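Please open the model in a viewer and keep the selection tool at hand. The tour proceeds from the whole chain to single residues.

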Amino acid sequence: MVAYQNALKIQPDLAVAQFNLGNILKEQGRLEEASMALLGVLLLKPDMPKAHLLLAEVLEEIGDLEQAAEGYLKTIRLEPSSAEAWRSLGGIHRLRGLLDEAIKCFDRALELLPGDWLSFTNLMFCYSIGGREHQQLLLETSERYWREIGVRTATDHYDLVWALVSGQARPLRIGFLGRHCDNLFLNSFLRHYSRNDFSVDLIFLTRNQSMTSSPMGALVSEEVFLDGLTLSECRDLLLRNKYDIIVETSGYLADSGIQILAERCAPVQCHYIGFHASTGLHAIDYFICDSETGPPEFEDVFSETLWRLPRPWLACTFSKRPPLALPQAWGEEPVFGSFNQLTKVRQDTLNHWAAALRAVPNAILLIKGRHAEDLHLQQRILSTLRGLDVEEKRIGFLPATATWEEHMATYNRIDLALDTTPWSSATTGFDALAMGVPLVAIKGDCMAARMSSSLVSALNRGGWVASSPEDYARIVINLCANLNDLRSAKAARQSEFLASCLFDGADLSHHLQEAFQEMSRRAYLHVQDVEWTR
């Protein structure tokens with residue numbers, strides 16, 4: 001960096017040096033300085049596509065989605081063949097809840113750069129949250145992608161059975177792969193699994209995901225790092241470790257390692273936790289869910305076998321107890337809230353919210369999220385609700401809070417948590433319920449749209465689950481009928497919900513262990529059948 005600074009002292013109009021300086025500042029996280037440097041580049045060379053692109057990336061990291069989107073569009077106007085710009089613009093559209101526009105951008109990026117992993121994963125993620133009509137597209141896109149890049153996705157594993165025998169001499173070896181290895185859901189298993197029956201590794205894509213310094217790091221046998229390795233080297237390493245089961249936890253989220261498993265690395269490979277639609281990858285044998293998130297009618301849009309746990313598919317284990325649930329909404333106006341990612345707040349969601357707000361005409365709605373202050377996003381939500389006969393003055397936007405404790409305490413300001421669809425509440429649903437706030441769930445027609453109904457039904461609150469906007473309005477009216485009782489019972493609900501199976505890591509671990517052992521047994525029997533027929 002010093003060399004570029006010195007060069008600019010000698011020749012201030014050296015655009016290349018200014019650009020490289022901006023790039024270094026971005027990598028160092030000095031975003032405001034990076035943006036100033038890149039603006040300087042564009043004063044010198046206003047038609048420099050890569051400067052517009054890099055500046056847009058910086059602005060997106062800062063949180064200025066409006067200017068970032070404009071920067072990506074400028075890049076595309078100057079260089080229409082920039083797959084990176086199309087992909088990045090798609091990301092902005094998705095953040096703003098413009099799913100159709102996002103899909104078009106990711107499609108275009110893949111046309112320009114066939115086989116591009118980031119464009120493919122972004123497209124797959126969009127399909128996963130798009131509703132039933134997108135699920136078949138997901139399977140078709142996955143099939144085409146793996147075929148086009150020439151990955152062998154054969155499911156044969158006859159030579160990979162290490163210890164899958166009855167009365168096995170050693171614990172089953174399980175590897176959890178993905179960026180979600182540090183989340184509060186996997187923690188439920190890691191705190192309670194039997195060390196006599198299982199040996200568990202966390203497999204990380206980068207070293208900055210390490211849990212060595214955290215309590216979770218002490219709960220596993222080993223941390224395995226794949227950074228700096230090629231796909232082939234990653235697969236060789238996993239094969240050498242002789243895992244009996246590899247559990248992939250990210251699907252097509254950012255920093256996914258799912259492509260490593262496209263060529264089989266263990267006799268059993270399954271997905272759990274991080275994704276909410278089929279991976280479309282035939283080398284993944286099972287998708288762990290429950291009877292609500294993965295009913296039989298969903299099987300036709302999964303390439304995996306759905307493995308249903310006899311309880312909710314997740315249990316939440318917080319690192320510390322949530323704040324005490326207190327009713328801080330004291331007025332006569334019911335306060336609704338949604339703290340979901342605003343990507344989820346699309347037309348179907350707003351139809352349900354509008355029905356609830358019309359049904360309780362004195363209620364207000366607080367929308368909280370990372371990008372809640374984005375004016376473009378606010379205007380989209382407000383204009384849609386206005387068209388559904390909901391006044392703008394009834395809607396408030398809250399920015400993201402600095403700490404988890406502050407975030408959880410914000411639930412004390414609301415009376416009801418409103419769900420989203422077809423990408424429903426999962427982590428946010430656990431948060432609301434942990435704070436004693438009723439979650440009015442929407443039961444949709446795909447896995448992503450069933451997560452909230454799974455949580456609420458597990459609490460024996462099936463009356464909080466709606467299948468239409470009319471149902472939604474009816475449920476909200478009933479819950480708000482006695483506002484004082486609704487508020488005064490918040491602490492009691494918190495105690496009840498925290499004592500439920502949703503927060504029972506030991507129970508989840510018990511059922512996951514049974515699932516892993518049965519998966520292993522079936523793999524062994526399958527190999528025995530193959531050997532018998534040879």
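Helices (H or I, at least four residues) and strands (E, at least two) are DSSP runs, numbered from the N terminus. The model is predicted.

**The whole chain.** Select everything in cartoon style: the chain holds 20 helices and 13 strands. Its radius of gyration is 25 Å, close to the 24 Å that the globule rule gives for 534 residues, so the chain is as compact as a globular protein of that length. Aligned on the principal axes, the C-alpha atoms fill a box of roughly 70 × 70 × 40 Å. Of the 534 residues, 59% count as buried. With a surface display, about 22,200 Å² is exposed, and carbon and sulfur atoms supply 50% of that area. Colouring by charge shows 50 positive and 67 negative side chains, with the centres of the two sets 2 Å apart.

**The nonpolar cores.** Next, select Phe336 and Phe516, which touch the most other members of the largest nonpolar core, a set of 141 residues. Helix H8 (residues 117–128) contributes the largest share of this core, seven residues. A second, separate core has 26 residues, among them Leu31, Leu38, Leu53 and Leu59. Return to Phe516 and display its surroundings: beyond its neighbours within four places in sequence, its contacts include Leu172, Phe189, Ile245 and Cys270.

**Strand S5.** Select Val268, in strand S5 (residues 268–271). Is Val268 buried or exposed? Val268 counts as buried, at 1% relative accessibility. Leaving aside neighbours within four places in sequence, Val268 is in contact with Asp244, Ile245, Ile246, Asp285, Tyr286, Met519 and Ala523. A distance label between the C-alpha atoms of Val268 and Ala283, 15 residues apart along the chain, should read 8.8 Å.

**Backbone exceptions.** Most residues other than glycine have a negative phi, and most peptide bonds are trans. Three places to visit depart from this pattern.

- Select Ile273, in the loop between S5 and strand S6 (286–290). Its phi is positive, about 90°, although Ile273 is not a glycine. Ile273 has a relative accessible area of 11% and is buried, the cut-off being under 20%.
- Move to Asp389, in the loop between helix H13 (375–387) and strand S10 (395–399). Phi of Asp389 is also positive, near 70°. At 62% relative accessibility, Asp389 counts as exposed, since exposed means over 50%.
- Finish at Pro422, in the loop between strand S11 (416–418) and helix H15 (427–434). The peptide bond from Thr421 to Pro422 is cis, with omega near 5°.

Terms used
Residues are numbered from 1 along each chain as its sequence is written. This is a predicted model: local features need pLDDT of at least 70, side-chain atom pairs count only at pLDDT 80 or more; totals for chains, interfaces and linings use all residues. Side-chain values use heavy atoms; hydrogens and water are left out. The radius of gyration is taken over C-alpha atoms; the globule rule is 2.2 Å times the number of residues to the power 0.38. Buried means under 20% relative accessible area, exposed over 50%, partly exposed in between (1.4 Å probe, protein chains only). Accessible areas come from the Shrake-Rupley method with a 1.4 Å probe; for residues, only the protein chains shown count as cover. Lys and Arg count as positive and Asp and Glu as negative; His and the chain ends are not counted. The place of a charge is taken as NZ of Lys, CZ of Arg, CG of Asp or CD of Glu. A nonpolar core is a set of buried Ala, Val, Leu, Ile, Met, Phe, Trp, Tyr and Cys residues joined through side-chain atoms within 4.5 Å. Contact means heavy atoms within 4.5 Å.
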